[in-house]
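Visitor: Could you take me through one part of this structure up close? I'd like to start from one spot in a sheet and then see what lies around it and beyond.

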There are 2 protein chains.
Amino acid sequence: MADCIEKYQIFDLELSGTKSGNPFTEITVTAKFSNHAQSIETKGFYKGNGIYGIRFMPQEEGSWSYQVHSNDPSLNGVTGTFLCTPPQPGNHGRVCLKKDVSPKEEAHFYETEEDFHFCYEDGTRFQPFGTTCYAWINQVEEVQERTLRTLAKAPFNKIRMCIFPKFYTYNTTDPERYVFPGNPRDGFDFTRFDPIFFENLEKRIRELDALGIEADIILLHPYDRWGFSKMTREQDIFYLTYVVRRLCHFKNVWWSLANEYDLLPHKTVEDWEAYARVIMGNDPYGHLRSIHNCIPLYDHNRSWITHVSVQRVDVYKTAEMVTDWRSQYRKPVIVDEAGYEGNIDFGWGNLTGQELTRRFWEGCMRGGYVSHGETYIDRSETIWWSHGGELHGDSVARIGFLKEILGELPEEIEPLRLTAKNHEENWDSVCLHKEDEYYLYYYGFSRPLYRNYTLPDKKKYKLELIDTWNMTIRELPEVYEGKIRIKMGARQYMAVRMKEISGPLEI
Amino acid sequence: MADCIEKYQIFDLELSGTKSGNPFTEITVTAKFSNHAQSIETKGFYKGNGIYGIRFMPQEEGSWSYQVHSNDPSLNGVTGTFLCTPPQPGNHGRVCLKKDVSPKEEAHFYETEEDFHFCYEDGTRFQPFGTTCYAWINQVEEVQERTLRTLAKAPFNKIRMCIFPKFYTYNTTDPERYVFPGNPRDGFDFTRFDPIFFENLEKRIRELDALGIEADIILLHPYDRWGFSKMTREQDIFYLTYVVRRLCHFKNVWWSLANEYDLLPHKTVEDWEAYARVIMGNDPYGHLRSIHNCIPLYDHNRSWITHVSVQRVDVYKTAEMVTDWRSQYRKPVIVDEAGYEGNIDFGWGNLTGQELTRRFWEGCMRGGYVSHGETYIDRSETIWWSHGGELHGDSVARIGFLKEILGELPEEIEPLRLTAKNHEENWDSVCLHKEDEYYLYYYGFSRPLYRNYTLPDKKKYKLELIDTWNMTIRELPEVYEGKIRIKMGARQYMAVRMKEISGPLEI
């Protein structure tokens, strides 16, 4: 009987080997996984206590065999086989660039809408609705558990999270465990890793996966008093290599090389580029990769960057910039920090729920994505953006409402451009559309008493008025065609959805 | 006994001359006005019915003489004298560029804050708080009178207004009189002017002046069904020449060469440049000059343009752009259309009062100015933005409140830059400051629970919390120094004013 492992899940092998010396630095171990058609090499890693990890995420069903190679004789030459079984419902594999999974055209040299979107490895649509809990795995266990319970009820399917602990305003306590063995008093051993820290990290990644949440893992960041932001290039590479070799087998992992890379003055562009190569060289699956700015954007035209993971440029220019960033980089755009709902003192963290909800709509309607964060300083002892815990804000439910609406969009939807025929009178609003068939308009903080539309010739439409704040959808009783005027009630945060019905009705 | 005329008011002479033929095109008349030190030539104009106008706005007190020159023998050679008397209180002359009136430095080649501001000819501060009633002089008399009564109670000291009538949504009726004699049925005589139209226009400009309101006169615009936007270059120049010769003597006139110049596809840059020369050649005083865009800005580096009179670039980028426009053009920036308060269908005209008030604060705090407009479609038969009539909005009172606060600022105030020493923790907000002495912070839609400040060393301050929406100013009881934390109450639209007191207290 061969072992069975579900497609996109982890074949996870533990082998006993050398315990003496420093196996983290001295022992190398790789494994070649082969099926009828291909061989894939993955890098093993030391787990402590003489145990070595060999992992593999099979992306093809059927029989696989493997063979281990190592400078440790007790590991070298180990072989085995297993069977990869079909994925269970809800298991869609990694999130990828849509153009890499299901290209509409064999190859294209011009911009198409699929350049700007994601999907799972099996072709299932994935629209990121992320949140931010930078240091949730560095909190005490009880907070981590509460965070997971909150996430289970929230609409988010991606979370930005760090590996290193965070030192910053409202983040001043030491965590229980670190990436490296040691503590702030005695210092850290940068040549070894703490097995218990990594076991907990992996447990949390698995739990996120069970909730359908992608772990957008921030590998380096500047909020530091322990020295982790000032390691040497060799130490950085040693750390990155280990992390990527251990975690790349989790299907729900994304690599965010840094948060606010520009606040790490010790690192150069050459460092970042070298680190990107380390990630790619140790991740045979090619998980999504990004690097996040504080002020100046990193050069997102670099080919290793799969998507734009951007922060608002100033207090104002946020989700509205999606149009420009799409055009500039021709990659999916996630405004991973559009400002947070809350009442913290910092300008980036005291938005109303209405304003953050507006930014979500605005960014999505322009063909991008937006991430959530919450920074209420007076609602509980934890602040979601950093610690996790509970959510208190008004935007969460509205983001869930938006997620439902966006989930129902036709796959071929794209932002309506000013040059589109028909609909010219709506140059001053954002609209997602599939030509002639489907239109979703959004009016943000505008509050028109009514709007005029010129519908495409010879087509009939059903219309719905969507109140994005009160989360209501009202179908209008009539069937519309030609030049129409729709009463909007002079309310803010309204949307209009139009679906063509003439086709189906005539059949 | 010589005639007396108050400084900056109009010496207004009427002479009888040729009535036959077309005096508008056939008769030229100029007058040379001289005092002990200088001679200034102004161009006369035909008023109809054999009457010719000779005007002059003296800018120096004392004795003046004049001599008329004309190809009409009955006008040629007329001479006279008058005495220019001191200005009455409230009469400060034209509005000018501050750097032209009271330069702090003899000459400067670097940017100074006075490049970005205005003042009256006599040195009195002028901070424009404009409104927009494009076609108010083209409405029936009763509406014009109501508009003036409304303006008398409003905080505005500038108004954008057209000469030609307006044809546009909500603007479809013909006016009673036009610049040219004629009507839509029989056509217009583009070689003559309607004296009664111009007498009313002048009356309205005088009435605005009596209210302390600058008339920002829009000479050309695209909202037309009568043909006024499609005149030939010769007809445009004939019109501009007449208008400028007649109106330039009013101290409260500004020239806005066009509204949405880019929506006049029949005109080229060469046309606009030629028209600018016509204005300058016929206005010996050099009133302020601008040209207003719809989408692309005209090249505001052109030397004839005294200030940036700009429209929001899209629905979002408005008052926040002041910083960029100042830096780009080094001229005063007036966001003459930042969007309007109202509930019209168009995106530019359905802002809340809060949002328009926020844009006023935001633009002013960045060292620019913002103009008001109101587009409520369901409050009365007139819409302020175009017809005049009454004001209904919430922003008017708040703009008045802002005007009072800005009026009290020290003359030397300027936007605090990120590089400023102290106050670094406030990079995420806008601030006007006079170094060490005075700070005015504004937090817009942010709602911090508190803010931290590091006050300049060895200085003491009194602080006030300003609620810009509820129009309250609350002085905090303490005297502050060093590192401080101020409770802000997690409310939107708050400002903090800091005045240094250590100096005066120690004296």
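Guide: Happy to. Let's start with strand E28 of chain A, residues 461-467, which is joined to E29(A) by four bridges, the two running antiparallel. One bridge to look for pairs A:Asp467 with A:Thr472 in E29(A). Keep in mind as we go that this is a predicted model.

Now zoom out a notch. E28 and E29 belong to an open sheet of six strands in chain A, in the order E24-E25-E26-E31-E28-E29, with antiparallel pairing. The edges are E24 (414-415) and E29 (472-475); each has a single partner strand, so one side of each has no neighbour in the sheet. As for what holds such an arrangement together, strands of a sheet pair through backbone hydrogen bonds, either parallel or antiparallel.

Step back once more and you have the whole of chain A, with ten helices and 31 strands. Its C-alpha atoms fill a box of roughly 80 × 55 × 40 Å along the principal axes. The radius of gyration is 24 Å, and a compact globule of 507 residues would come out near 23 Å, so the two agree. Of those 507 residues, 62% count as buried. If you take the contacts with a separation of 6 or more, 71% of them are between residues 24 or more positions apart. On the outside, chain A exposes about 19,600 Å², and carbon and sulfur atoms supply 49% of that. Charges are worth a glance too: there are 60 positive and 75 negative ones, and their mean positions are 2 Å apart.

While you're here, hop over to chain B for two arginines. B:Arg398 sits in helix H9, residues 395-407. Its relative accessible area is 14%, so B:Arg398 counts as buried. Leaving aside residues up to four places away in sequence, B:Arg398 touches B:Thr357, B:Thr468, B:Trp469 and B:Met471. B:Leu356 is 42 residues from B:Arg398 along the chain, with 9.6 Å between their C-alpha atoms.

The other arginine, B:Arg326, is in helix H7 of chain B, residues 322-329. B:Arg326 is buried as well, because its relative accessibility is 4%. With residues up to four places away again left out, its contacts include B:Glu113, B:Phe116, B:His117, B:Arg366 and B:Arg417. B:Pro222 is 104 residues from B:Arg326 in sequence, and their C-alpha atoms are 27 Å apart in space.

Note on methods
Residues numbered from 1 in each chain as written. Chains lettered and ligands numbered in written order. Predicted model: local features only at pLDDT ≥ 70, side-chain atom pairs only at ≥ 80, totals over all residues. Heavy atoms only, no water. Rg over C-alpha atoms; globule rule 2.2 N^0.38 Å. Buried < 20%, exposed > 50% of the residue type's maximum accessible area, 1.4 Å probe, protein only. Contact = heavy atoms within 4.5 Å. Areas by Shrake-Rupley, 256 points an atom, 1.4 Å probe, with all protein chains shown as cover. Lys, Arg positive; Asp, Glu negative; His and termini not counted. Charge placed at Lys NZ, Arg CZ, Asp CG, Glu CD. Pairing = 2+ DSSP bridges.
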